[in-house]
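Student: I'm new to this one, so could we go through it piece by piece? I'll ask, and you walk me through the reasoning.

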Amino acid sequence: MGGLTRITIDFQQSHLVFPILIGSILALLGLAILITRRQTILAAPGHWAGILRQMDKGRFLGVLALTVGYFSAMVPVGDLWPNTGRGFLFCSIPFLFLTGLLFLHERRPASLAILAAVSLIAPALTWWVFGEVFFLTLP
C-alpha cells in the first residue's frame, strides 16, 4: 500500500515529462489523421508536390534550424544556472526574435522595436509565471 501513496521524482528527467506527453499526443493525432484520411491523402500526390514547389523553403528551413538550435542549447545553457529556468529564458529571447525576424515582411524600426519588446517580455513573463506562480523551474 505504501507504493500507492509515495511519489518519487527523478529531477534529472522530470523536465522531459511534458514534451514526451505532448509529442506522444501529437503523434497519435497525426496517426489518426493518416488512418481516417488515407484515401484523400493518397489520391492527392500532385497537391503535395504543388505545396512543396510553392512553399518558402528559406523560412521553412530557417525555422527548423532555429528550433533545433533552441532545444539543443536550452539544457547546456540551463546547466550554467541549475534549477533556475534561465536556460529557457536566455534561449527563448533570441529564438523568438530571430523567428519573428524571419517572418517579418517589413523591417521598419517600429516593427523591430515591437518584435524586440515581445521577444523580451513574453519569455520573461512566462519564466516568472512558471517560477513564482506555479513553483516550476524550466530547463
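Student: Where is Ser24 found?
Tutor: We're looking at a predicted model, so keep that in mind throughout. To place Ser24, look at the element that spans residues 17–36. Ser24 lies in helix 1.

Student: And is Ser24 buried, partly exposed or exposed?
Tutor: Buried needs under 20% relative accessible area and exposed needs over 50%. Ser24 comes out at 36%, so the label is partly exposed.

Student: How far apart in space are Ser24 and Phe71?
Tutor: Along the sequence, these two sit 47 residues apart. Going from C-alpha to C-alpha, the separation of Ser24 and Phe71 is 17 Å.

Student: Let's stay with Phe71. What kind of aromatic pair do Tyr70 and Phe71 form?
Tutor: The structure holds four aromatic pairs. For Tyr70 and Phe71, the ring centres are 5.0 Å apart and the planes meet at 65°. An angle over 60 degrees counts as edge-to-face, so the Tyr70 and Phe71 pair is edge-to-face.

Student: Is Tyr70 buried or exposed?
Tutor: The cut-off for buried is under 20% relative accessible area. Tyr70 has 12%, so Tyr70 is buried.

Student: What about Phe71, buried or exposed?
Tutor: Here the cut-off to check is over 50%. Phe71 has 55% relative accessibility, so Phe71 counts as exposed.

Student: Which residues do ring pairs link into a cluster?
Tutor: We've already met the pair of Tyr70 and Phe71. Ring pairs also bring in one further name, and the cluster is Tyr70, Phe71 and Phe95.

Student: What is the angle between the ring planes of Trp81 and Phe90?
Tutor: Trp81 and Phe90 form an aromatic pair with 5.1 Å from centre to centre. Trp81 has 32% relative accessibility and is partly exposed, and Phe90, at 38%, is partly exposed too. The pair is edge-to-face, with the planes at 70°.

Student: Now for the backbone. Which sign does the phi of Asn83 have, positive or negative?
Tutor: Most residues other than glycine have a negative phi. Asn83 is not a glycine, yet its phi is about 60°, which is positive.

Student: Where would I find Asn83?
Tutor: Asn83 has 66% relative accessibility, so this residue counts as exposed. As for its place, Asn83 is in the loop between helix 4 and helix 5.

Student: Which helix holds Trp48?
Tutor: Trp48 is partly exposed, at 44% relative accessibility. It is 17 residues from Leu31 in sequence, with 18 Å between their C-alpha atoms. The helix covering residues 45–54 holds Trp48, and that is helix 3.

Student: How far apart in space are Ala49 and Phe60?
Tutor: Ala49 is also placed in helix 3, and at 30% relative accessibility it counts as partly exposed. Ala49 and Phe60 are 11 residues apart in sequence. Measuring the model from C-alpha to C-alpha, the gap between Ala49 and Phe60 is 16 Å.

Student: Let's move to helix 6. What span is expected for helix 6?
Tutor: Helix 6 has 25 residues, and the rise used is 1.5 Å a residue. The model reaches 35 Å from the first C-alpha to the last, close to the expected 36 Å.

Student: Which residues of helix 6 are buried?
Tutor: What covers the buried residues of this helix includes helix 5. Trp128 is in helix 6 as well, but at 46% relative accessibility it counts as partly exposed. The buried ones are Ser111, Leu115, Ser119 and Pro123.

Student: What is the phi of Phe135?
Tutor: Phe135 comes just after helix 6. Its phi is positive, at about 55°.

Student: Last topic, the largest pocket. Which helix gives the largest share of its lining?
Tutor: The largest pocket holds about 1200 Å³ of space. Its lining has 31 residues, with Ser14, His15, Thr137, Leu138 and Pro139 nearest the centre. Helix 1, helix 4, helix 5 and helix 6 each give two or more residues to that lining. The largest share, six residues, comes from helix 4.

Student: How many of the lining residues are nonpolar?
Tutor: By class, the lining of the largest pocket has 10 polar and two charged residues. The nonpolar residues there number 19.

Technical notes. Residues are numbered from 1 along each chain as its sequence is written. This is a predicted model: local features need pLDDT of at least 70, side-chain atom pairs count only at pLDDT 80 or more; totals for chains, interfaces and linings use all residues. Side-chain values use heavy atoms; hydrogens and water are left out. On a 1 Å grid over the protein atoms alone, a cavity is a set of points where a 1.4 Å probe fits but cannot get out, and a pocket is an open set with protein on both sides within 12 Å along at least five of seven lines; lining residues have an atom within 4 Å of a point. Grid points are joined across faces, edges and corners, and a volume is the space filled by probe spheres set on the points. Helices (H or I, at least four residues) and strands (E, at least two) are DSSP runs, numbered from the N terminus. Ala, Val, Leu, Ile, Met, Phe, Trp, Tyr, Cys and Pro count as nonpolar, Asp, Glu, Lys and Arg as charged, and the others, Gly among them, as polar. Buried means under 20% relative accessible area, exposed over 50%, partly exposed in between (1.4 Å probe, protein chains only). The expected span of a helix is 1.5 Å times one less than its number of residues. Contact means heavy atoms within 4.5 Å. Rings of Phe, Tyr and Trp (its six-membered ring) pair if their centres lie within 6.5 Å; planes under 30 degrees apart count as stacked, over 60 as edge-to-face and the rest as tilted.
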